[in-house]
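Please find below a colleague's note on the structure, set out as numbered points for your consideration.

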Amino acid sequence: MYFAALLARTEDGWEASDTELDDVETLSDLTELAREASDDDTVIVFIEQEDAWFGIVRVEGEEDPRIYVSDGAAAARSSYGEILTREILGDDLDDIVDELESLDLDGTEDGEPLDGVPDEDEETSVAAEAVPAAPVGDRLILADLGMPPADLLALESDALAEIADALGAAEVLEAVR
């Protein structure tokens, strides 16, 4: 189960809204969703999966999005988290996955597929194993908005509330929760 919210900075302050991710299949889709919330202003997209991990995507105008994920390995095991971790790690992740797959560590001979496990699930688990079980991405993503990297790294439960509080958006967030 995912929870997603948008915090959009406007001339009047922050505006918050929860959002559906049903149509999001790529980072471009997520970026477009954020840009629709506010044309040229800062938009923070927050995604959380059942307290296992959270991700932040910061979109400002036409600039490339900035991304932070609290636990890369946990996120890589989920559809939306994989979108974020693949973007952060890019070709490095593909190289690591290729190297791990070439090692044939699945306990079968000659790289035969495991019985009952679809190839797509195998690929996802190999990708998840290649991602560190630690924060990945831009740790400075919220520094200029009032949340230094040390505070971001220390977040555990109810991260969205703490982020909104640091940004001065706690009241508007409560209105949509």
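The points that follow concern one strand, its partners and a loop residue that precedes it.

1. The model under review is predicted. Strand E3 spans residues 42–49, and 8 of its 8 residues are buried.

2. The burial of E3 applies to both of its faces. On one side, Thr42, Ile44, Phe46 and Glu48 are buried, and on the other side Val43, Val45, Ile47 and Gln49 are buried as well. The polar or charged side chains in these lists deserve attention during inspection.

3. Strand E1 (residues 2–10) runs antiparallel to E3 and is joined to E3 by 7 bridges. Within this pairing, Leu6 has Val45 of E3 as its bridge partner.

4. E3 is also joined to strand E4 (residues 53–60), again in an antiparallel arrangement, by 8 bridges. Here Gln49 is the bridge partner of Trp53 in E4.

5. The hairpin of E3 and E4 has 3 residues between the strands. In this hairpin, Glu50 takes a positive phi near 40 degrees.

6. Is Ser38 buried or exposed? Ser38 lies in the loop between helix H1 (27–37) and E3. Ser38 has a relative accessible area of 8%, and residues under 20% count as buried, so Ser38 is buried.

7. The surroundings of Ser38 can be described further. The side chain of Ser38 makes a polar contact with the side chain of Asp41, at 3.4 Å. Leaving aside residues up to four places away in sequence, Ser38 touches Ala8, Arg9 and Val43; Val43 is one of the buried residues of E3.

Methods:
Residues are numbered from 1 along each chain as its sequence is written. This is a predicted model: local features need pLDDT of at least 70, side-chain atom pairs count only at pLDDT 80 or more; totals for chains, interfaces and linings use all residues. Side-chain values use heavy atoms; hydrogens and water are left out. Buried means under 20% relative accessible area, exposed over 50%, partly exposed in between (1.4 Å probe, protein chains only). Helices (H or I, at least four residues) and strands (E, at least two) are DSSP runs, numbered from the N terminus. Two strands pair if DSSP finds at least two bridges between them. A polar contact is a pair of N or O atoms within 3.5 Å; within protein, one must be able to donate a hydrogen and the other to accept it, and residues adjacent in sequence count only if both atoms are side-chain atoms. Contact means heavy atoms within 4.5 Å.
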